[in-house]
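Please look through the sequence and the model below, and then follow the paragraphs, which begin with a single residue and work outward from there.

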Amino acid sequence: MTNQLITEDQRDCYQELSNVAMGQAADRLAQLLEAYIILPIPKINIIAPCDLHMALSGVDSEDKASSVCQGFIGSGIAGEALLIFNDTSFSDLASLMKYKGELDDQTQLELLMDVSSVLIGACIQGIGSQIDVSFSQSHPVVLGQHVSVANILQDEHTHWDQSLTVEIHYTIENMSVDCELLLLFTEDSIAKLNQRIDYLLD
Amino acid sequence: MSANNELVQLHSIMDVLKSIDVGLVILDQHYDVHLWNGFMESHSGLSPEEATGRSLFTLFPEIPEDWFISKAEPVFQLKSQAFTIWEQRPYLVKFKNNRPITGRSEFMYQNTSIIPIESPSPDVSFVCLVIYDVSDIAVGKQDLMLVNDELAELGRTDALTQLFNRGHWEKILEAEFEREKRYNNEATLIMLDIDHFKNVNDTYGHQAGDDVIRTLSSIIRQTARKSDICGRYGGEEFGIILPETPVDQAEIFAERLRKKVEAAVIPADNHELQITISSGLASFDPSFEDHTQWLEASDKALYQSKENGRNQYTLYKPQS
């Protein structure tokens, strides 16, 4: 992996930014679920499309998963958030969210949307407020339900070379809830991000 | 910039908001409508004056109140955005399709955003509900899924017989084998073959041969139960998986099938043909290492039927 696009100091700074944002998001998720969220350490990487699946260290690429993505843009900084839920998460998630009735595809989609709007929104806004960027979010899109992770991240039609990736792997204490949040910033956004980061570093 | 200039700008923005092709509704924390734009007026038939001050749920009884509140409440509380997509509910408010004649759906598919907005005083809070028309996207995506399903179906079926093709049938056999191995269920595999099929082809031509295969397939389909899995394995060879079927029941099945085929009169060209079939039965045995051994076992039994004079079934006997 090439990392010339960001320096070590900048990487540390991104990690710290993500840490704060992730904490805020986890806090909201904890309120929503009334559960204790285990906080991981966000991983910062520069990756190419073909490495995207490797960024998902927390999920096996053969596992069945469901996923939602959402674009965001502000002050010329653009990216996309990707939330991937291992399908084994849904029964525990449903009981946490007090969903009653059958856990069919429709219910799972509701769960996916509820959690993603909390997590993605809070993370994006959390990062934005620290670097003084107000991100607007596009509509979420369902990438797939019950498909293998490898299928979600098909890299046939990509039109980007590298991206700055923040990987956050959320788990919940004593529950088999397992989800992976990826924030991918486009290559041309990295320079603008670096500028703003450098203000913080000074 | 002069105050007059700002007023002009404000007017332009108001004009744009009024005529923009998305629905805008400003709601207070009691879900009463404070304002809505031209899009909402056109589609609902209610002017902003008529709508103002009335509850969203009275104006649109089709909105499930609990569901909508559960989405919108975090926007009031946490000042974060919320979204709903047409895959969750095709529409929030039931509006007609924007193109009533050529539009393919009767109603308008909708995505919605609920966004927090600044309120003039601390005791009231407002959100803005934005409604997007996504009918074309939704219909297009549903069409695509339908076509994909059809393609997948085509990839699984044998064109002549409409039974599963060899590739797909073998995949099912493999999965069935794993299931039996795991749960130790009883299951029987039948392989069958048309007797002297080459003669039919040589004497009456390939067209007649195809007719014979088609007729046999339809007899197999009629005889099989819903849970049985039938496939065309090769030219005139067929495989039938009978899940949860002990061998004595499979024998009854094989004999019934044999009799039906023997009795059938097949119109082909200007002739009426009659055929017979030979089959081999092998029930699942935990000593099989993989599904191919199961397949070989019933093939051996089928061979035995041919040896013994055809038009009969044979049970596979291990080590015989």
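In this predicted model, B:G239 counts as buried because 24 other C-beta atoms lie within 10 Å, where the cut-off for a buried residue is 20 or more. The residue belongs to strand β8 of chain B, which runs over residues 237-243. When neighbours within four places in sequence are left aside, B:G239 is in contact with B:W169, B:L189, B:M191, B:G231 and B:Y233. One of these partners, B:L189, is 50 residues away from B:G239 in sequence, and yet the two C-alpha atoms are 7.3 Å apart in space.

The division of chain B gives this residue its wider setting. Domain 1 of chain B covers 3-142 and domain 2 covers 157-315, and the centres of the two domains, taken over C-alpha atoms, are separated by 60 Å. Helix α6 of chain B, residues 135-156, has 22 residues and reaches 32 Å from its first C-alpha to its last, which is close to the 32 Å expected at 1.5 Å a residue. Of the 22 residues of α6(B), two are buried, and the helix therefore lies largely in the open.

Where chain B meets chain A, the contact takes 11 residues from chain B and 13 residues from chain A. On the side of chain B that touches chain A, the elements that give two or more residues are α5 (65-78), β3 (82-84) and β4 (110-117) of chain B. Sorted by class, that side of chain B has five nonpolar residues, five polar residues and one charged residue.

The interior can be described through its nonpolar cores. The largest of them has 80 residues, and those with the most contacts inside it are A:A81, A:L83, A:L119, A:C123 and A:L181. Helix α4 of chain A, residues 105-131, supplies the largest share of this core, with 11 residues. Apart from this core lies another, of 39 residues, which includes B:I190, B:M191, B:C230 and B:A297. For A:L83, leaving aside neighbours within four places in sequence, the contacts are with A:S67, A:V68, A:S116, A:L119, A:I120, A:C179 and A:L181.

A word on confidence in chain A completes the picture. The mean pLDDT of chain A is 84, and 92% of its residues reach 70 or more. Among the elements of chain A, strand β4 (residues 77-86) has the highest mean pLDDT, at 91, whereas helix α2 (residues 52-55) has the lowest, at 72. Where pLDDT is low, the predicted coordinates should not be read in detail.

How values were computed: Residues numbered from 1 in each chain as written. Chains lettered and ligands numbered in written order. Predicted model: local features only at pLDDT ≥ 70, side-chain atom pairs only at ≥ 80, totals over all residues. Core = buried A, V, L, I, M, F, W, Y, C linked by C-beta atoms within 7 Å. Buried ≥ 20, exposed ≤ 12 C-beta atoms within 10 Å, placed from the backbone. Helix = DSSP H or I, 4+ residues; strand = E, 2+ residues; numbered from the N terminus. Contact = placed C-beta atoms within 7 Å. pLDDT = per-residue confidence, 0-100. Expected span 1.5 Å × (residues − 1). Nonpolar A, V, L, I, M, F, W, Y, C, P; charged D, E, K, R; others polar. Domains from an automatic or database assignment.
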